[in-house]
Every structure is written in C-alpha cells, then in structure tokens.
Amino acid sequence: QVQLVESGGGLVQAGGSLKLSCAASGRTFSGYYMGWFRQALGKEREFVGAISWSRGSTYYADSVKGRFTISRDNAKNTMYLLMNNLKAEDTAIYSCAADRVLTITPGSYDYWGQGTQVTVSS
C-alpha cells in the first residue's frame, strides 16, 4: 500500500522554527515531484513548495521563499520541510503529496498524506 505520513507539527512562537517530515512507503518516487501543501481554517488548500525527487530541484510559493527549505533523503524515502521565521499566517494543516508533473494544483496529485498541524502563536 502506498502511504505518505507527515510528522513534526506542533505549536511554536512567531519567529521560531519547525521541521516536518513526510515518510513515503509502498513505492519509490524517483519519477515524481513531491509537494508540500497547507490548509488553514476556512481557506482552500494552497501550494507551499515541491522538490524533484531525482534531481533535488526545489520550487517555492512566494509566501514562503527565503523562509522554508525542502529537502529529501532518497535512501529513506523521506522528504522534509524546514520552516524558519514562522509567522502566525503559517498556521495550517501541512500535507505532503506526490505528482508526476510539477503543478500547484492539489487535484492533480496522485498520493496524499493525512497532514500534520502547525500552529504559530504571535
């Protein structure tokens, strides 16, 4: 069974840092882009960033550029999201997903995790 499992969420103060993990199992994702999305209460799910699994090239939404960093460990089938200088508006459920193409559209992604809550207090 293909699974993506997020972990590492929690409560942090504004300006703090948090590192999320997305552990994949059931298959390898060498031909995929792995993306991070987030959804705040009352808001639609939005693209945070993505990484090419094979090349390691990264892509970020303007709202997180310079603050968030995506990385991966191919041997562990795990993707990471390092979030620095967190702001209150970063509060959301963060989910990881996999797609064969690079896109910001949630509906195009093939696999999803259940998400992990990140809460930033100001």
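This short talk goes through a sheet, a disulfide, a nonpolar core and one loop residue of the structure above.

Before I start, please keep in mind that this is a predicted model, in which local features need pLDDT of at least 70 and side-chain atom pairs count only at pLDDT 80 or more, while totals for chains, interfaces and linings use all residues. Residues are numbered from 1 along each chain as its sequence is written, and side-chain values use heavy atoms, with hydrogens and water left out.

Let me begin with the sheet. Four strands, in the order 1-3-8-7, form an open sheet with antiparallel pairing, where strands are DSSP runs of E of at least two residues, numbered from the N terminus, and two strands pair if DSSP finds at least two bridges between them. At the edges lie strand 1 (3–7) and strand 7, each of which pairs on one side only. Inside this order, strand 3 and strand 8 run antiparallel and are joined by six bridges, and Leu20 has Leu81 in strand 8 as its bridge partner.

Strand 3 also brings us to the disulfide, meaning a pair of cysteine sulfur atoms within 2.5 Å. The structure holds one, and it joins Cys22 to Cys96 with an S to S distance of 2.0 Å. Cys22 sits in strand 3 and Cys96 in strand 9, 74 residues apart, so the pair links distant parts of the chain. The torsion about the S-S bond is about 70°, and the disulfide is therefore right-handed. Cys22 is buried at a relative accessible area of 0%, where buried means under 20%, exposed over 50% and partly exposed in between, with a 1.4 Å probe and protein chains only; Cys96 is likewise buried, at 0%.

Now to the largest nonpolar core, that is, a set of buried Ala, Val, Leu, Ile, Met, Phe, Trp, Tyr and Cys residues joined through side-chain atoms within 4.5 Å. It has 32 residues, and those touching the most other members are Met34, Trp36, Met79, Leu81, Met83 and Tyr94. Strand 9 gives the most to this core, with five residues. Setting aside neighbours within four places in sequence, Leu81 has contacts (heavy atoms within 4.5 Å) that include Trp36, Val48, Phe68 and Tyr94.

Finally, is Ala61 buried or exposed? Ala61, found in the loop between strand 6 (58–60) and strand 7, is buried, with a relative accessible area of 15%. Not counting residues up to four places away in sequence, Ala61 touches Phe47 and Val48.
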